[in-house]
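This report follows a few residues and strands through one chain, beginning with a single side-chain contact. The sequence and structure are shown here.

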Amino acid sequence: AAGGATARRTLTGALSLVLVGALAAGFVAPMITGDGHRTVLRDTIDPPLDLQQYHSPVSQFRWLTTDAKDQELFTVEGLPEGGRIRLATLDTYDGTVFQIAGDARGADFRRVGSDFTDDPLSAGASTNSMTFTMEDYSDYWIPGGGTMRSLAYGSKQEQLADSLYYSENLGTALSTEKLGTGDSYTVVDVAEKPWTDSQLEGKAILNLPVPTDSNVPTVVGEVASKMMGDANPGIEQVRTLQQKLHDEGFYSDGTDGLSLAGHRTDRLEKFLSSEQMIGNDDQYAVAMALMLRSQGIPSRLVMGFYPKEQASGTVKITGADTHVWVEVPF
(Lines give C-alpha, C1' and ligand atoms only; values in the text may rest on other atoms or scores of the structure.)
Protein backbone atom coordinates (compact mmCIF):
# COMPACT_ATOMS: atom_id res chain seq x y z
CA ALA A 1 0.00 0.00 0.00
CA ALA A 2 1.16 3.56 -0.68
CA GLY A 3 -0.24 6.89 0.54
CA GLY A 4 -3.05 5.04 2.33
CA ALA A 5 -4.43 3.75 -0.95
CA THR A 6 -4.39 0.15 -1.98
CA ALA A 7 -2.25 -0.31 -5.08
CA ARG A 8 -2.47 -3.12 -7.49
CA ARG A 9 -0.54 -4.46 -10.37
CA THR A 10 -2.25 -4.77 -13.70
CA LEU A 11 -1.40 -6.01 -17.10
CA THR A 12 -0.18 -2.89 -18.83
CA GLY A 13 0.49 -2.07 -22.43
CA ALA A 14 -2.31 -4.45 -23.53
CA LEU A 15 -1.62 -5.72 -27.02
CA SER A 16 -3.82 -6.22 -30.03
CA LEU A 17 -2.22 -7.73 -33.10
CA VAL A 18 -3.64 -6.84 -36.49
CA LEU A 19 -2.71 -6.68 -40.12
CA VAL A 20 -2.43 -3.07 -41.20
CA GLY A 21 -3.56 -2.29 -44.73
CA ALA A 22 -2.16 0.35 -47.02
CA LEU A 23 -4.08 2.90 -49.05
CA ALA A 24 -3.41 4.35 -52.44
CA ALA A 25 -4.47 7.91 -53.13
CA GLY A 26 -5.47 9.30 -56.54
CA PHE A 27 -5.17 12.82 -57.83
CA VAL A 28 -7.68 14.75 -59.90
CA ALA A 29 -6.41 17.26 -62.43
CA PRO A 30 -8.26 20.46 -63.39
CA MET A 31 -10.36 20.24 -66.57
CA ILE A 32 -11.30 22.69 -69.32
CA THR A 33 -15.01 22.51 -70.24
CA GLY A 34 -16.43 23.16 -73.67
CA ASP A 35 -17.31 26.76 -72.82
CA GLY A 36 -13.74 27.43 -71.77
CA HIS A 37 -14.52 27.42 -68.04
CA ARG A 38 -11.70 25.96 -66.00
CA THR A 39 -13.12 23.59 -63.33
CA VAL A 40 -10.97 23.15 -60.26
CA LEU A 41 -11.40 20.86 -57.29
CA ARG A 42 -12.83 23.51 -54.98
CA ASP A 43 -15.71 24.01 -57.46
CA THR A 44 -16.89 20.43 -57.08
CA ILE A 45 -15.94 19.12 -53.61
CA ASP A 46 -15.78 20.39 -50.05
CA PRO A 47 -12.49 21.52 -48.52
CA PRO A 48 -10.43 18.64 -47.07
CA LEU A 49 -10.67 17.68 -43.43
CA ASP A 50 -8.34 19.73 -41.21
CA LEU A 51 -7.25 17.40 -38.41
CA GLN A 52 -5.57 20.26 -36.59
CA GLN A 53 -9.01 21.42 -35.49
CA TYR A 54 -9.59 18.26 -33.44
CA HIS A 55 -7.68 17.39 -30.27
CA SER A 56 -6.11 13.97 -29.85
CA PRO A 57 -8.65 11.93 -27.86
CA VAL A 58 -5.90 10.45 -25.68
CA SER A 59 -5.44 13.90 -24.11
CA GLN A 60 -8.77 13.22 -22.35
CA PHE A 61 -7.72 9.84 -20.97
CA ARG A 62 -6.92 10.89 -17.39
CA TRP A 63 -10.15 12.89 -17.08
CA LEU A 64 -12.25 10.03 -18.44
CA THR A 65 -10.75 7.44 -16.10
CA THR A 66 -10.88 9.57 -12.95
CA ASP A 67 -13.36 12.47 -12.91
CA ALA A 68 -15.70 10.76 -15.39
CA LYS A 69 -15.06 7.16 -14.31
CA ASP A 70 -18.64 6.67 -13.08
CA GLN A 71 -20.34 8.61 -15.88
CA GLU A 72 -22.26 6.57 -18.44
CA LEU A 73 -20.71 7.64 -21.74
CA PHE A 74 -22.86 5.56 -24.06
CA THR A 75 -24.57 2.20 -24.44
CA VAL A 76 -23.82 -0.42 -27.08
CA GLU A 77 -25.88 -3.36 -28.27
CA GLY A 78 -24.24 -6.23 -30.15
CA LEU A 79 -20.75 -6.01 -28.64
CA PRO A 80 -19.08 -9.37 -29.43
CA GLU A 81 -17.71 -11.52 -26.64
CA GLY A 82 -14.35 -10.11 -25.62
CA GLY A 83 -14.86 -7.27 -28.09
CA ARG A 84 -13.24 -3.84 -27.92
CA ILE A 85 -14.78 -0.59 -29.11
CA ARG A 86 -12.24 1.40 -31.08
CA LEU A 87 -12.37 5.18 -30.89
CA ALA A 88 -9.23 6.37 -32.70
CA THR A 89 -5.93 4.98 -33.95
CA LEU A 90 -3.00 7.28 -33.23
CA ASP A 91 0.21 6.98 -35.21
CA THR A 92 2.66 9.76 -34.32
CA TYR A 93 4.25 11.32 -31.23
CA ASP A 94 5.30 14.98 -31.08
CA GLY A 95 6.77 15.20 -27.59
CA THR A 96 3.48 16.34 -26.09
CA VAL A 97 0.84 13.87 -27.18
CA PHE A 98 0.27 10.84 -29.42
CA GLN A 99 -2.01 11.88 -32.26
CA ILE A 100 -2.88 11.26 -35.91
CA ALA A 101 -0.24 12.42 -38.37
CA GLY A 102 -1.86 14.84 -40.74
CA ASP A 103 -2.05 18.40 -41.90
CA ALA A 104 -4.74 20.41 -43.64
CA ARG A 105 -5.13 17.58 -46.17
CA GLY A 106 -6.65 15.40 -43.44
CA ALA A 107 -4.27 12.44 -43.78
CA ASP A 108 -6.25 9.73 -45.59
CA PHE A 109 -9.69 10.56 -44.18
CA ARG A 110 -12.40 10.63 -46.81
CA ARG A 111 -15.95 11.85 -46.62
CA VAL A 112 -18.39 8.95 -46.62
CA GLY A 113 -22.09 8.32 -46.72
CA SER A 114 -23.92 5.67 -44.74
CA ASP A 115 -22.27 2.91 -46.82
CA PHE A 116 -18.48 3.05 -46.71
CA THR A 117 -17.75 0.31 -49.26
CA ASP A 118 -19.44 -2.16 -51.56
CA ASP A 119 -16.39 -4.41 -51.88
CA PRO A 120 -17.24 -8.07 -51.20
CA LEU A 121 -16.00 -9.61 -47.97
CA SER A 122 -12.87 -11.71 -48.21
CA ALA A 123 -13.25 -15.48 -47.90
CA GLY A 124 -14.11 -16.56 -44.38
CA ALA A 125 -14.75 -13.02 -43.11
CA SER A 126 -17.89 -12.07 -41.19
CA THR A 127 -19.43 -8.85 -39.91
CA ASN A 128 -20.67 -7.45 -36.59
CA SER A 129 -23.55 -5.04 -36.14
CA MET A 130 -23.45 -2.74 -33.10
CA THR A 131 -25.90 -0.01 -32.13
CA PHE A 132 -24.61 2.93 -30.08
CA THR A 133 -26.62 5.48 -28.11
CA MET A 134 -24.82 8.48 -26.66
CA GLU A 135 -25.35 9.49 -23.02
CA ASP A 136 -22.65 11.74 -21.49
CA TYR A 137 -20.24 11.25 -24.39
CA SER A 138 -19.83 14.41 -26.46
CA ASP A 139 -17.01 14.59 -28.98
CA TYR A 140 -16.12 14.43 -32.67
CA TRP A 141 -14.45 11.00 -32.54
CA ILE A 142 -16.98 8.21 -33.17
CA PRO A 143 -16.94 5.07 -30.96
CA GLY A 144 -17.09 1.89 -33.01
CA GLY A 145 -14.21 2.22 -35.44
CA GLY A 146 -12.39 -0.66 -37.09
CA THR A 147 -12.90 -2.08 -40.55
CA MET A 148 -16.22 -0.32 -40.93
CA ARG A 149 -18.55 -1.06 -43.83
CA SER A 150 -21.46 1.19 -42.92
CA LEU A 151 -22.75 3.60 -40.31
CA ALA A 152 -26.44 4.52 -40.26
CA TYR A 153 -27.63 7.25 -37.91
CA GLY A 154 -30.89 6.86 -36.03
CA SER A 155 -31.07 10.53 -35.05
CA LYS A 156 -30.18 13.79 -36.82
CA GLN A 157 -29.56 11.57 -39.86
CA GLU A 158 -29.07 14.26 -42.49
CA GLN A 159 -27.05 16.62 -40.28
CA LEU A 160 -24.67 13.96 -38.93
CA ALA A 161 -24.33 11.88 -42.09
CA ASP A 162 -23.23 14.97 -43.99
CA SER A 163 -20.38 15.44 -41.49
CA LEU A 164 -18.89 11.94 -41.49
CA TYR A 165 -15.27 11.12 -42.40
CA TYR A 166 -13.48 7.77 -42.25
CA SER A 167 -9.91 6.50 -42.54
CA GLU A 168 -9.61 2.87 -43.65
CA ASN A 169 -5.91 2.75 -42.78
CA LEU A 170 -6.55 3.92 -39.22
CA GLY A 171 -9.95 2.30 -38.75
CA THR A 172 -11.16 5.63 -37.37
CA ALA A 173 -14.32 7.67 -37.95
CA LEU A 174 -14.67 11.38 -37.25
CA SER A 175 -17.67 13.68 -37.45
CA THR A 176 -17.28 17.41 -37.94
CA GLU A 177 -20.63 17.67 -36.12
CA LYS A 178 -20.10 16.77 -32.47
CA LEU A 179 -22.03 13.80 -31.11
CA GLY A 180 -24.24 14.48 -28.10
CA THR A 181 -26.76 12.97 -25.71
CA GLY A 182 -29.44 10.97 -27.49
CA ASP A 183 -27.59 10.58 -30.78
CA SER A 184 -27.65 6.99 -32.00
CA TYR A 185 -26.26 4.99 -34.89
CA THR A 186 -25.64 1.43 -36.05
CA VAL A 187 -22.20 0.33 -37.23
CA VAL A 188 -21.45 -2.74 -39.34
CA ASP A 189 -17.80 -3.73 -39.28
CA VAL A 190 -15.67 -6.72 -40.18
CA ALA A 191 -15.05 -9.08 -37.27
CA GLU A 192 -11.38 -9.22 -36.27
CA LYS A 193 -9.77 -12.64 -36.43
CA PRO A 194 -8.15 -13.61 -33.13
CA TRP A 195 -4.55 -14.85 -33.24
CA THR A 196 -2.71 -16.76 -30.54
CA ASP A 197 0.98 -16.34 -29.82
CA SER A 198 1.63 -19.86 -31.07
CA GLN A 199 -0.01 -18.98 -34.40
CA LEU A 200 2.17 -15.89 -34.68
CA GLU A 201 5.37 -17.74 -33.77
CA GLY A 202 7.74 -17.55 -36.70
CA LYS A 203 5.66 -14.96 -38.55
CA ALA A 204 7.49 -11.79 -39.50
CA ILE A 205 6.47 -8.34 -38.31
CA LEU A 206 5.53 -6.28 -41.35
CA ASN A 207 8.06 -3.59 -42.16
CA LEU A 208 5.49 -0.84 -42.60
CA PRO A 209 6.52 2.82 -42.59
CA VAL A 210 5.40 4.89 -39.61
CA PRO A 211 5.21 8.68 -39.34
CA THR A 212 8.28 10.39 -37.91
CA ASP A 213 8.14 11.01 -34.17
CA SER A 214 9.78 14.00 -32.50
CA ASN A 215 11.15 14.81 -29.05
CA VAL A 216 11.37 11.15 -28.00
CA PRO A 217 13.61 10.90 -24.91
CA THR A 218 16.78 8.84 -25.44
CA VAL A 219 15.93 6.70 -22.41
CA VAL A 220 13.16 5.08 -24.48
CA GLY A 221 15.58 3.23 -26.75
CA GLU A 222 18.00 2.47 -23.93
CA VAL A 223 15.38 0.84 -21.71
CA ALA A 224 13.77 -0.98 -24.66
CA SER A 225 17.07 -2.58 -25.66
CA LYS A 226 17.74 -3.64 -22.08
CA MET A 227 14.26 -5.10 -21.57
CA MET A 228 14.17 -7.02 -24.86
CA GLY A 229 17.60 -8.49 -24.34
CA ASP A 230 18.23 -11.38 -26.72
CA ALA A 231 14.55 -12.21 -27.38
CA ASN A 232 13.94 -13.74 -30.80
CA PRO A 233 12.60 -11.38 -33.50
CA GLY A 234 8.82 -11.32 -33.82
CA ILE A 235 6.16 -12.04 -31.25
CA GLU A 236 8.75 -13.02 -28.62
CA GLN A 237 10.27 -9.53 -28.70
CA VAL A 238 6.87 -7.91 -28.32
CA ARG A 239 5.73 -10.16 -25.46
CA THR A 240 9.08 -9.88 -23.68
CA LEU A 241 8.78 -6.09 -23.62
CA GLN A 242 5.15 -6.27 -22.52
CA GLN A 243 5.98 -8.68 -19.70
CA LYS A 244 8.89 -6.57 -18.46
CA LEU A 245 6.69 -3.48 -18.30
CA HIS A 246 4.14 -5.51 -16.35
CA ASP A 247 6.57 -7.12 -13.92
CA GLU A 248 8.65 -4.04 -13.20
CA GLY A 249 5.81 -1.52 -13.19
CA PHE A 250 3.33 -0.26 -10.62
CA TYR A 251 -0.24 0.78 -11.46
CA SER A 252 -1.61 4.18 -10.49
CA ASP A 253 -4.41 6.21 -12.05
CA GLY A 254 -3.13 9.32 -10.30
CA THR A 255 -5.86 9.61 -7.66
CA ASP A 256 -3.35 8.38 -5.05
CA GLY A 257 -0.95 11.20 -5.91
CA LEU A 258 1.70 8.81 -7.22
CA SER A 259 1.30 9.40 -10.95
CA LEU A 260 1.16 12.57 -13.05
CA ALA A 261 -1.11 12.73 -16.09
CA GLY A 262 0.01 12.77 -19.70
CA HIS A 263 2.94 11.44 -21.71
CA ARG A 264 5.01 14.51 -22.52
CA THR A 265 8.73 14.03 -23.09
CA ASP A 266 9.59 14.93 -19.50
CA ARG A 267 6.84 12.69 -18.13
CA LEU A 268 8.05 9.69 -20.15
CA GLU A 269 11.66 10.35 -19.23
CA LYS A 270 10.82 10.38 -15.52
CA PHE A 271 8.55 7.34 -15.93
CA LEU A 272 11.27 5.20 -17.52
CA SER A 273 14.19 6.56 -15.49
CA SER A 274 12.65 6.07 -12.06
CA GLU A 275 13.60 3.18 -9.83
CA GLN A 276 10.05 1.90 -10.34
CA MET A 277 7.72 2.83 -13.20
CA ILE A 278 4.40 4.21 -11.95
CA GLY A 279 1.46 5.04 -14.21
CA ASN A 280 -1.45 3.66 -16.23
CA ASP A 281 -2.35 3.20 -19.93
CA ASP A 282 -1.47 6.84 -20.54
CA GLN A 283 2.20 6.11 -19.83
CA TYR A 284 2.61 2.34 -20.32
CA ALA A 285 0.98 2.08 -23.75
CA VAL A 286 2.75 5.17 -25.10
CA ALA A 287 6.09 4.00 -23.71
CA MET A 288 5.62 0.53 -25.20
CA ALA A 289 4.74 1.88 -28.66
CA LEU A 290 7.76 4.20 -28.71
CA MET A 291 10.04 1.48 -27.31
CA LEU A 292 8.99 -0.91 -30.07
CA ARG A 293 9.61 1.77 -32.68
CA SER A 294 13.06 2.44 -31.22
CA GLN A 295 13.91 -1.19 -32.01
CA GLY A 296 12.64 -0.98 -35.57
CA ILE A 297 9.24 -2.57 -34.86
CA PRO A 298 6.27 -0.64 -36.33
CA SER A 299 3.54 0.07 -33.79
CA ARG A 300 0.69 2.43 -33.12
CA LEU A 301 -1.77 3.28 -30.34
CA VAL A 302 -5.49 2.67 -30.19
CA MET A 303 -7.75 4.45 -27.74
CA GLY A 304 -11.07 2.83 -27.10
CA PHE A 305 -13.32 1.11 -24.60
CA TYR A 306 -14.09 -2.32 -23.20
CA PRO A 307 -15.98 -3.36 -20.07
CA LYS A 308 -14.14 -4.85 -17.12
CA GLU A 309 -16.32 -7.95 -17.27
CA GLN A 310 -17.98 -9.63 -20.23
CA ALA A 311 -21.58 -8.50 -20.68
CA SER A 312 -24.35 -9.22 -23.16
CA GLY A 313 -27.40 -7.31 -24.36
CA THR A 314 -27.22 -3.56 -23.85
CA VAL A 315 -23.80 -2.75 -22.35
CA LYS A 316 -23.23 0.52 -20.48
CA ILE A 317 -19.79 2.01 -21.11
CA THR A 318 -18.43 4.35 -18.43
CA GLY A 319 -15.30 6.46 -18.22
CA ALA A 320 -13.64 3.68 -16.24
CA ASP A 321 -13.94 1.46 -19.34
CA THR A 322 -11.60 3.73 -21.33
CA HIS A 323 -8.31 2.09 -22.38
CA VAL A 324 -5.29 2.60 -24.59
CA TRP A 325 -3.50 -0.34 -26.19
CA VAL A 326 -0.73 -1.08 -28.67
CA GLU A 327 -0.94 -2.65 -32.14
CA VAL A 328 1.86 -4.38 -34.05
CA PRO A 329 1.34 -5.57 -37.65
CA PHE A 330 2.20 -9.20 -38.53
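In this predicted model, the side chains of S259 and R267 make a polar contact at 2.9 Å. S259 sits in the loop that runs between β14 (249–251) and α7 (265–273). Is S259 buried or exposed? Its relative accessible area is 5%, and because buried means under 20%, S259 counts as buried. Apart from neighbours within four places in sequence, S259 is in contact with R62, S252, G254, R267, I278, G279 and Q283.

**Helix α7**

The partner of S259 in that polar contact, R267, is one of the buried residues of α7, together with L268, F271 and L272. Why can these four be assigned to the same side of the helix? They cover an arc of only 120 degrees around the axis, which puts them on the same side of α7. An α-helix has 3.6 residues a turn, so residues three or four places apart point the same way. The cover over the buried residues of α7 includes β6 (92–93), α5 (219–228), β15 (277–279) and α8 (281–294).

L268, which has its place in α7, is buried with a relative accessible area of 0%. Not counting residues up to four places away in sequence, L268 touches Y93, P217, H263, Q283, V286, A287 and L290. Q283 therefore appears in the contact lists of both S259 and L268. Between the C-alpha atoms of L268 and G95 the distance is 9.3 Å, although the two are 173 residues apart in sequence.

**Exposed loop residues**

Two loop residues stand in contrast to S259 and L268. D115 lies in the loop between β8 (110–111) and β9 (127–134). With 60% relative accessibility, D115 counts as exposed. Which residues does D115 contact, leaving aside its neighbours within four places in sequence? They are R149 and S150. S150 is 35 residues from D115 in sequence, and their C-alpha atoms are 4.3 Å apart.

N215 is placed in the loop between α4 (197–200) and α5. Its relative accessibility is 52%, so N215 counts as exposed. Phi of N215 is near 60 degrees, a positive value in a residue other than glycine.

**Sheets and strand pairs**

Strands of a sheet pair through backbone hydrogen bonds, either parallel or antiparallel. One open sheet has five strands in the order β10-β13-β9-β4-β17, with antiparallel pairing. Its edge strands are β10 (148–153) and β17 (314–318), each of which pairs on one side only. On average, neighbouring strands of this sheet are turned by 25 degrees against each other, direction ignored.

Another open sheet is formed by three strands in the order β8-β11-β12, again with antiparallel pairing. Here the edge strands are β8 and β12 (172–175), each pairing on one side only.

Three antiparallel strand pairs are set out below, each with its bridge count.

| Strand pair | Residues named | Bridges |
|---|---|---|
| β9 and β13 | β13: 184–190 | seven bridges |
| β5 and β16 | β16: 300–305 | five bridges |
| β11 and β12 | β11: 164–167 | four bridges |

Individual residues can be matched across these pairs. M130 stands opposite V187 in β13. S167 stands opposite T172 in β12. R86 has G304 in β16 as its bridge partner.

Where does β5 (residues 85–90) lie with respect to the rest of the structure? Six of its six residues are buried, so β5 is largely enclosed by the rest of the structure. In a regular strand the side chains alternate between the two faces of the sheet.

**The chain as a whole**

Across the chain there are eight helices and 18 strands. Of its 330 residues, 45% are buried. The chain exposes about 16,500 Å², and carbon and sulfur atoms supply 48% of that area. Among contacts between residues at least 6 apart in sequence, 78% join residues at least 24 apart. The pair of D115 and S150, 35 residues apart in sequence, is in contact.

Notes. Residues are numbered from 1 along each chain as its sequence is written. This is a predicted model: local features need pLDDT of at least 70, side-chain atom pairs count only at pLDDT 80 or more; totals for chains, interfaces and linings use all residues. Side-chain values use heavy atoms; hydrogens and water are left out. Helices (H or I, at least four residues) and strands (E, at least two) are DSSP runs, numbered from the N terminus. Buried means under 20% relative accessible area, exposed over 50%, partly exposed in between (1.4 Å probe, protein chains only). Contact means heavy atoms within 4.5 Å. Accessible areas come from the Shrake-Rupley method with a 1.4 Å probe; for residues, only the protein chains shown count as cover. Two strands pair if DSSP finds at least two bridges between them. A polar contact is a pair of N or O atoms within 3.5 Å; within protein, one must be able to donate a hydrogen and the other to accept it, and residues adjacent in sequence count only if both atoms are side-chain atoms. Axes are lines fitted to C-alpha atoms, for helices over the stretch in contact, and angles run from 0 to 180 degrees between N-to-C directions. The arc is that of the directions from the helix axis to the C-beta atoms.
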